[in-house]
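Visitor: Got a minute to walk me through this one? I'd like to start with the strands and then look for empty space.
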Amino acid sequence: MDEPLICWRDTHAAVQRGSLPELLVALAANGVRDFPRLRPHQRHPWHAFLVQLAAIALRHAGQDQPWTEAADWRVALRDLTPDDADGAPWCLVAPPDRPALLQAPVPGENIAAWTNLLHAPDALDMLVTSKNHDLKAARAHGAEADDWLFALLSLQTQEGFLGAGNYGISRMNGGFASRPGVGVAPVGAWGARWRADVTSALAERGHIAEKFGVAQEGGHALLWLLPWSGADSLALAALDPLYIEICRRVRLAAPGGRIQAHVTGSKVARIAAKDSNGVTGDVWTPVETAKSKALTVSRNGFDYKLMSELLAGESYTQGAAWRLDGWPQGTALQAIAQATVRGQGKTEGYHERRVPLSPKLRRYLVGDQRPLLARMARRRIDAIAAMRKLLWTALALLFANGENDSGNDAVSNRASRFAQPFEQREDARFFDDLTAHIEADGEQQEAVYLHWLLGLAERAQAVLEAAFDAGPRSAMQRYKAQAAALSRFDSGLRGGKKPLFPELVAHYAQQRSARTLSTEGEAHA
C-alpha cells in the first residue's frame, strides 16, 4: 500500500517502482508497458486482480471512473478493510492471526509447524514441472517482493486440484481445468485494456449477480480478510460478483528480512462451487452454452479451430470482457485469449493468442453477418483438414515405398509427424487469410478464397516434397515412392468420385478448357 515494492516499465521503457496505489494511477494514465518480473503464465491473474480490485474499490466508493491520484486510491482501498486500520491486509507479511495480502488469517495456529516451508517464489507458484527439463523449479532464491506477490497471486487465483488437501479455485471447470482469460481489448499499453475491463466489469456487475447466484449487495469481495481454518467453505451466494478468491492456506514470513512461505492443506475447498462447473460470472471466462460449463482449454491451446468458435461460433457465451461495441471511433481492437493449461499432475503449457479485429471484421461480429463469418471460417477449417488428410495419405505412401501399407504403425506415425508442421503453419496465418477474405468486395470473395485454396495446395505439396529426403534411399524405390506420392496428392486435388476440393476441380477444368481452345485456335490459324 505504501512501499515501492512493485516494478514496472513505463511506455518509454524506463523502469519504475511504486506502491499499489501508484501503479493504479499509472494504469489509469495508460503509462505502463509491462512488468519485468511477471512471468508469462502470471499475466492474466495479475491483470484480472488489478481489474477486479479497481472495480470493487470504485463501486464501493460510488465512482465510475478511476482516480488519478495515489492518495485517492489509497483511501479507497483502505475503505475496503475497515476492520484493519493498520493496513495489514495490504502487506505481504503480517502476523498469522491477521489478514495479509491474499493470505487468510489463521488465529491460534503455529505456522512454523505447517507441512511445507518454501524459500523461492517459483516453488510456491502453480506451475507443475517435471524433472527440471523444460522449466527449472525453485530457482528464484534472489527474489524481490513482487516476485513473491506474482507467485502468490498465481497460486491463489488460478491453481487447480493437486491431491488431497490441495484444492483449486472456483473459477474453472473442475480441478484439472484452467482459468482462461478471453476478451476484446485496445491495441497498445497495459492500461488501455485495464481501463476497458474495469468499465466492463462495473457495467456488468448487476447482470452477473442476477444470473450467477452471487450477492448483489454485501457479499465478500476480498476473501483473504476472512479467517480460514481449512475446515469451512464459503457459498457462492455469500460472495460479491467480482470477488477475488484464494484457494490455499499460505502465510508469508520474513525472518532475517528474507521472505519465505509456510504452506499447509485444507479439508475442503475455500468456495463450495463444485456444482457450478466454473460458471461464476468471471469477466474473462467463456461458458460452453449447451453444457453450462466454463471453457477448458486443451493442450492445443487457442488454435485456429477454437479461436474461430470463440470469435464467430455459437458454442460459447462470452464474459463481460468480450465487448465489441461502444469503442471510440478509430480504436484498434484485438481479441485476446490466455490460459495456462493444466493436466492431471502436470502443466501442459501456457497459451496466448491475439487476433486483430479490423473494422469490417467487427461489423461482421456484431451484425447479422456473424453466421456468414462463421461459415467462412468453417469452410477454411474443413479445407485445411481435407488438405492435411490428403497430404498424410501421400506421405504414408512415400514412406511405404510406394505401396499401400495401411496397417504399419511406424509408417502412420512418421506420416503424422511430417504432416504436423503443415497444419501449424496454416494455424499461424489463418486469421490473416480470413481477414483478407472478409475485406474483399462481395464479388471478389470467391476469387480470394480460390487464391487461398491454390496457395494451400502449393504449401502442402512443398511439405510433401521436403519429405522426399526422408523417404527411401535406393534409386529404384525412391523414384517409385516419390512418383506414387505425387500422383496420389495430385489426383486428390483434381477429382475423384467425391472431390475433396470442388473449387479446385472446377478451376483445373477451366484451365484445361482454356488450353484446349488456345491450341485449337493456333491450329486453325
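Visitor: In which sense do strand 1 and strand 2 pair?
Guide: Antiparallel, with four bridges between strand 1 (residues 6–9) and strand 2 (residues 15–18). Two strands count as paired if DSSP finds at least two bridges between them. Strands (E, at least two residues) and helices (H or I, at least four) are DSSP runs numbered from the N terminus. Before we go on: this is a predicted model, where local features need pLDDT of at least 70, side-chain atom pairs count only at pLDDT 80 or more, and totals for chains, interfaces and linings use all residues. Residues are numbered from 1 along each chain as its sequence is written, and side-chain values use heavy atoms, with hydrogens and water left out.

Visitor: OK, and what is the bridge partner of Ile6 in strand 2?
Guide: Gly18. The two strands make a hairpin with five residues between them, and Ala13 in that turn has a positive phi of about 70°.

Visitor: Switching to helix 6, where is its kink centred?
Guide: On Glu204, with a kink of about 50°. The bend at a residue is the angle between axes fitted to the seven residues ending there and the seven starting there.

Visitor: How far apart are the end C-alpha atoms of helix 6?
Guide: Only 29 Å, for 23 residues (190–212), whereas a straight helix would reach 33 Å. That expected span is 1.5 Å times one less than the number of residues. Right after helix 6 comes Gly213, with a positive phi near 75°.

Visitor: Now the empty space. What volume does the largest pocket have?
Guide: About 480 Å³. On a 1 Å grid over the protein atoms alone, a pocket is an open set of points with protein on both sides within 12 Å along at least five of seven lines, a cavity is a set where a 1.4 Å probe fits but cannot get out, and lining residues have an atom within 4 Å of a point. Grid points are joined across faces, edges and corners, and a volume is the space filled by probe spheres set on the points.

Visitor: Which residues lie nearest the centre of that largest pocket?
Guide: His60, Leu80, Gly219, His220 and Ala221, out of 21 lining residues. Helix 2 gives the most to that lining, with four residues.

Visitor: And how many cavities of 30 Å³ or more turn up?
Guide: One in the whole structure, with a volume of about 40 Å³. Its lining includes Ser308, Phe431 and Leu434, and helix 7 (304–312) gives the most, with three residues.
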